Amino acid sequence: MSAPVLELRGIRVPGRRAPRLDQVDLCLHPGERVALLGASGAGKSTLLAVANGLLQPNQGEVRWSGERRARSARARRRQQARIGTLWQDLRLIEELSVQQNLNCGRLASWGWPRALLNLLLPLESEACTQALRQVDLDPHLLSQSVGELSGGQRQRVAIARALAMRPRVMLFDEPTSALDPAMTAEVLEVIVALARAGQTMVVVTHDHAFARRAATWVVELAAGRIARQGPASEMLP
């Protein structure tokens, strides 16, 4: 088996009354797709924040492709660039074009001169076009303002922004929580297509039917701990 691309070992994150995560382990190999289940407050979003390096646990260890958390800020940005994340709030910049938003995922590795240039010129047009096609959006949207897009289009642009980073792992935090049923179906089909293409991913979801289609492994959290886990075929028959 290939070496893990993401490892969480003995992760503990404190909370006010009880730990947000307590002794959580997760090992993700290339091509694996994990559905992360659990009630609200179970620790799912906290686990994603630890996995992509935004949150440092007070106990335990995180490894990206076998590497421990780097000490320097520059090296940490390089590690985090391997992890593409879609948060519930999307974190798109309304006033910028789709192309500028797609390039925002690369700013950590570009540095400030190229980041400023992104505000003035259409950079990385070919890569941005490819990223839009991966999420079934027409490349003519590249010059359009994000604020003019529908909810489903915005969701897919946020996914494309993460894909433009060419991540080894994609993390999805309830990717359809704010969408109507029609848009939900569209976005879930995009994620299922990525899963079938072999994209390694962790998806926080309450949709068991979607998890059955997209996931190879299921992890259920309860009160910050792993309550149970196993193959999707056994956990979600």
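**Exercise 1. Work out the strand order and the edges of the sheet formed by 4 strands.**

Solution. Start with the layout: these 4 strands make an open, antiparallel sheet in the order 2-1-4-5. Strands here are DSSP runs of E with at least two residues, helices are runs of H or I with at least four residues, and both are numbered from the N terminus. Two strands count as paired if DSSP finds at least two bridges between them.

Before going on, note that this is a predicted model: local features need pLDDT of at least 70, side-chain atom pairs count only at pLDDT 80 or more, and totals for chains, interfaces and linings use all residues. Residues are numbered from 1 along each chain as its sequence is written, and side-chain values use heavy atoms, with hydrogens and water left out.

Next, the edges. Strand 2 (21–28) and strand 5 (67–68) each have a single partner strand, so one side of each has no neighbour in the sheet. Strand 5 pairs with strand 4 (residues 59–64) in the antiparallel sense over 2 bridges, and Trp 64 has Glu 67 as its bridge partner in strand 5.

Finally, look at what lies across the strands. Helix 1 (residues 44–51) crosses strand 1 (6–13), strand 2 and strand 4, running at about 125 degrees to strand 1. Such angles run from 0 to 180 degrees between N-to-C directions, with axes fitted to C-alpha atoms, for helices over the stretch in contact.

**Exercise 2. Describe the open sheet of 6 strands and find the helices that pack on it.**

Solution. The order is 6-7-8-3-9-10, with mixed pairing. Its edge strands are strand 6 (83–86) and strand 10 (225–231), each pairing on one side only. On average, neighbouring strands are turned by 15 degrees against each other, direction ignored.

Zoom in on one pair: strand 7 (residues 169–173) and strand 8 (residues 201–204) run parallel over 4 bridges. There, Phe 172 has Val 203 as its bridge partner in strand 8.

Now add the helices. Helix 7 (residues 151–163) touches strand 6 and strand 7, making about 170 degrees with the direction of strand 6. Helix 8 (residues 181–196) touches strand 3 (33–37), strand 7 and strand 8, at about 155 degrees to strand 8. Contact means heavy atoms within 4.5 Å.

**Exercise 3. Check the length of helix 8, then go through its ends and its buried residues.**

Solution. Length first: at 1.5 Å a residue, the 16 residues should span 22 Å, and the end C-alpha atoms are 22 Å apart, which agrees. The expected span is 1.5 Å times one less than the number of residues.

At the N-terminal end, Asp 180 is the cap, with a side-chain oxygen 3.2 Å from the backbone nitrogen of Ala 182. Just after the helix, Gly 198 has a positive phi of about 100 degrees.

Then burial: Val 187, Leu 188 and Ile 191 are among the buried residues of helix 8. Buried means under 20% relative accessible area, exposed over 50%, and partly exposed in between (1.4 Å probe, protein chains only). The cover includes helix 6 (125–134), helix 7 and helix 9 (208–214).

One residue of helix 6 is Gln 134. Gln 134 is partly exposed because its relative accessibility is 38%, and it touches Leu 163, Val 190 and Leu 194, leaving aside residues up to four places away in sequence.

**Exercise 4. Explain why Cys 128 has no bond to Cys 104.**

Solution. The two sulfurs are 10.0 Å apart, too far for a bond, although Cys 104 holds the closest cysteine sulfur. A disulfide needs a pair of cysteine sulfur atoms within 2.5 Å. The structure holds 0 disulfides. Cys 128 counts as buried, at 0% relative accessibility.

Definitions and conventions:
Polar contact = N/O pair within 3.5 Å; in protein donor to acceptor, adjacent residues only side chain to side chain.
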